[in-house]
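Let's take a walk through a protein together, one step at a time. Have the sequence and the 3D view ready beside you.

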Amino acid sequence: RPQPPEGIKPAEVVKPAEIVAVNPSQFPEGFPDGIPLFGQMEILQNYNVPGQGGLQATRQFVSSMSQENAFSAYKSFFDSKGWKTVVERNLSVASRMVFYANKDNVSATIYVDKVLAEPKPDASPKTVVTLYFLTKSQ
């Protein structure tokens, strides 16, 4: 078995993140109070990921709103509550709209995707919203 050169330590094994599922009737720990769930119809994912940098809280759901309206509603909401937008992107090739915002010790990533429910030519797309919050360790 080859040894690393003198003075170089072998790489540490990185453990995969532990995803802790949360009952859909509850919000994940660290999910900020008062965040609206615009047009929520069906919860797809609801979980926490504890880590060295902090605690991640994520909820993903199908929204009854159009992609453009859902993105605009979330952008307006976060702006009105004093969150500072860091980046805003419309990735039309990927059918994704996204913005990143910060407030206090919390970072938010909001994805609003247009997803085809079925791979049929006449299928209408669904709007899938992912609300991702990272509360940084202090």
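Which residues are linked with K75 in a network of salt bridges? The network is made up of K75, D79 and E88. Keep that trio in mind while we look at the whole protein, and remember throughout that this is a predicted model.

Begin with the overall layout. The protein contains 1 helix and 7 strands, and along the sequence they come in the pattern β-β-β-α-β-β-β-β. Of its 138 residues, 33% count as buried. The protein exposes about 9,100 Å² of surface, and 52% of that is supplied by carbon and sulfur atoms. Now think about which parts of the sequence meet in space. Among contacts with a separation of 6 or more, 52% are between residues that lie 24 or more positions apart.

Next, find helix α1, which covers residues 67-80. You can check its length yourself: with 1.5 Å a residue, its 14 residues should span 20 Å, and the end C-alpha atoms are indeed 20 Å apart, so expectation and model agree. After α1 comes G82, a residue with a positive phi, near 85 degrees.

Which residues of α1 are buried? They are Q67, A70, F71, A73, Y74, K75, F77 and F78. The cover over these buried residues includes the strands β3, β4, β5, β6 and β7.

Let's zoom in on one residue from that list. F71 sits in helix α1 and has a relative accessible area of 7%; it is buried because that value is under the 20% cut-off. Leaving out residues up to four places away in sequence, F71 touches E88, M97, V98, F99 and V112. Another residue to find from here is V129: F71 and V129 are 58 residues apart in sequence, while their C-alpha atoms are 8.6 Å apart in space.

Now back to the charged residues. How many salt bridges does the structure hold? There are 4. One of them joins K75 and E88, with the closest N and O atoms 3.9 Å apart. K75 lies in helix α1 and E88 in strand β4 (residues 84-91), so this pair ties together parts that are 13 residues apart in sequence. The two partners differ in how much they are covered: K75 counts as buried at 13% relative accessibility, whereas E88 is partly exposed at 44%.

A salt bridge also forms between the side chains of K114 and E68, again with an N to O distance of 3.9 Å. Here K114 belongs to strand β6 (residues 106-116) and E68 to helix α1, so the bridge ties together parts 46 residues apart in sequence. Both residues are partly exposed: K114 has a relative accessible area of 37%, and E68 has 42%.

Look next at R96 and D113, whose side chains meet in a salt bridge with an N to O distance of 2.7 Å. Because R96 is in strand β5 (residues 96-103) and D113 is in strand β6, this pair ties together parts that are 17 residues apart in sequence. R96 is partly exposed at 27% relative accessibility, but D113 is buried at 9%.

For our last stop, turn to T58 and T130. T58 lies in strand β3 (residues 54-63) and is buried, with a relative accessible area of 2%. Its side chain makes a polar contact of 2.8 Å with the side chain of Q56. Setting aside neighbours within four places in sequence, T58 is in contact with P28, Q45, N46, Y47, T130, L131 and Y132.

T130 is in strand β7 and is also buried, at 9% relative accessibility. Which side chain does the side chain of T130 reach in a polar contact? The partner is Q60, at 2.9 Å. Beyond residues up to four places away in sequence, T130 touches T58, R59, Q60, T109, I110 and Y111.

To finish, go back to helix α1 in your view. From there you can follow K75 to E88 in strand β4, and E68 to K114 in strand β6. Then find the buried residues of α1 once more and look for their cover, which includes β3, β4, β5, β6 and β7.

Methods. Residues are numbered from 1 along each chain as its sequence is written. This is a predicted model: local features need pLDDT of at least 70, side-chain atom pairs count only at pLDDT 80 or more; totals for chains, interfaces and linings use all residues. Side-chain values use heavy atoms; hydrogens and water are left out. Helices (H or I, at least four residues) and strands (E, at least two) are DSSP runs, numbered from the N terminus. Buried means under 20% relative accessible area, exposed over 50%, partly exposed in between (1.4 Å probe, protein chains only). Contact means heavy atoms within 4.5 Å. Accessible areas come from the Shrake-Rupley method with a 1.4 Å probe; for residues, only the protein chains shown count as cover. A polar contact is a pair of N or O atoms within 3.5 Å; within protein, one must be able to donate a hydrogen and the other to accept it, and residues adjacent in sequence count only if both atoms are side-chain atoms. The expected span of a helix is 1.5 Å times one less than its number of residues.
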